[in-house]
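Hi everyone, thanks for coming. I'd like to walk you through one structure today, so let's put it on the screen.

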Amino acid sequence: MTDLALKIDNIIAGYGDTIVLNGISFDVHKGERLAIIGRNGVGKTTLLATIMGLTNLHSGSIELNAKPIINLPTHMRAKEGLGSAPQTRDIFPSLSVEENLISGIRGDASLEEAYELFPRLKERRSNGGGTLSGGEQQMLAIARTLLGKPDVLLLDEPLEGLAPVICEMLMDVFEQIAKTGSQTVVLVEQHTGLAVEFADRVIILDGGEIVHAGSSQELIENPGVLERHVGVGLMEAN
Ligand SMILES: Nc1ncnc2c1ncn2[C@@H]1O[C@H](COP(=O)(O)OP(=O)(O)O)[C@@H](O)[C@H]1O
Ligand SMILES: [Mg+2]
């Protein structure tokens, strides 16, 4: 038995022959909140895409709930418990909000769970996905992913381009989801301060490698680490 939700061991991955991730290893415990931060272009999205099986993995291993998944196609990884809300906010623009949500339901999940977390989506349930604001589209993408009842939720820059009030609302929702203690969350964010505040542990990526890994408390006490690797302090990063 193990309490690891994800175990990433020495992965080398990229696109075609191009290597983007150069020997990444880390674990995520069940119920843990891990933030992955770093400047633009350092490989954050590629890392999440690699976990989902969407890149070219040259070597290394990935285990989900102690089971190797690198030979599984993406949809099987989802079935095994990985839920991903990608940076591209993949929703169906021609389907209604409700139809989008229904398309994500797995097992005994119900629409009401999504509407409870995001009342705004209930108000807009019959509107087309393509007519939503950026913030609403992000809510829909996240709600749909959650209805898949993932063991591990992968969030790729969910706050990107959103107004501060929407960012706060989304962070509140992540807090609600995570505080149950049973939802493992991997949050990639450029809003460094909010990510560090949310997370138990933080990994900093640079140039496709992990340049720092430690508790969020440690980063709060040593903001110089952030300035060195991400180029910003904690306060200005929000
Ligand atoms: N589909 C792709 N094909 C080739 N190179 C890519 C592709 N997507 C991203 N890259 C390259 O991989 C590197 C890491 O990108 P990415 O993972 O998107 O970084 P981040 O999410 O940290 O901003 C960048 O140099 C980027 O140009
Ligand atoms: Mg990215």
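**Strands, a helix and a ligand**

Let's begin with a pair of strands: S6, residues 82–85, and S7, residues 152–156, run parallel and are joined over four bridges. If you want one of those contacts to look at, Gly83 has Leu153 of S7 as its bridge partner. Keep in mind, by the way, that this is a predicted model.

Now, which residues of S6 are buried on its two faces? On one side they are Leu82 and Ser84, and on the other Gly83 and Ala85, so to speak a strand covered on both faces. That fits a general pattern: in a regular strand, side chains alternate between the two faces of the sheet.

Next, the open sheet. Four strands make it up, in the order S2-S1-S4-S5, with antiparallel pairing. S2 and S5 (67–68) are the edge strands; each has a single partner strand, so one side of each lacks a neighbour in the sheet. Further in, S1 (residues 4–15) and S4 (residues 56–64) pair antiparallel over seven bridges, and there Gly14 is matched with Asn56 of S4. Helix H1 packs on this sheet, touching S1, S2 and S4, and its direction makes about 70 degrees with that of S2.

That brings us to ligand 1. Where does its shell come from? Strand S2 (18–29) and helix H1 (44–51) each supply at least two residues, and the largest share, three residues, is from H1. Among the surrounding residues you'll find Tyr15, Thr18, Asn40, Lys44 and Thr45. By character, the shell has three nonpolar, seven polar and one charged residue.

Notes
Residues are numbered from 1 along each chain as its sequence is written. Chains are lettered from A and ligands numbered from 1 in the order in which they are written. This is a predicted model: local features need pLDDT of at least 70, side-chain atom pairs count only at pLDDT 80 or more; totals for chains, interfaces and linings use all residues. A residue is near a molecule or strand if its C-beta atom, placed from the backbone, lies within 6 Å of it. Ala, Val, Leu, Ile, Met, Phe, Trp, Tyr, Cys and Pro count as nonpolar, Asp, Glu, Lys and Arg as charged, and the others, Gly among them, as polar. A residue is buried if 20 or more other C-beta atoms lie within 10 Å of its own, exposed if 12 or fewer, and partly exposed in between; C-beta atoms are placed from the backbone. Two strands pair if DSSP finds at least two bridges between them. Two residues are in contact if their C-beta atoms, placed from the backbone, lie within 7 Å. Axes are lines fitted to C-alpha atoms, for helices over the stretch in contact, and angles run from 0 to 180 degrees between N-to-C directions.
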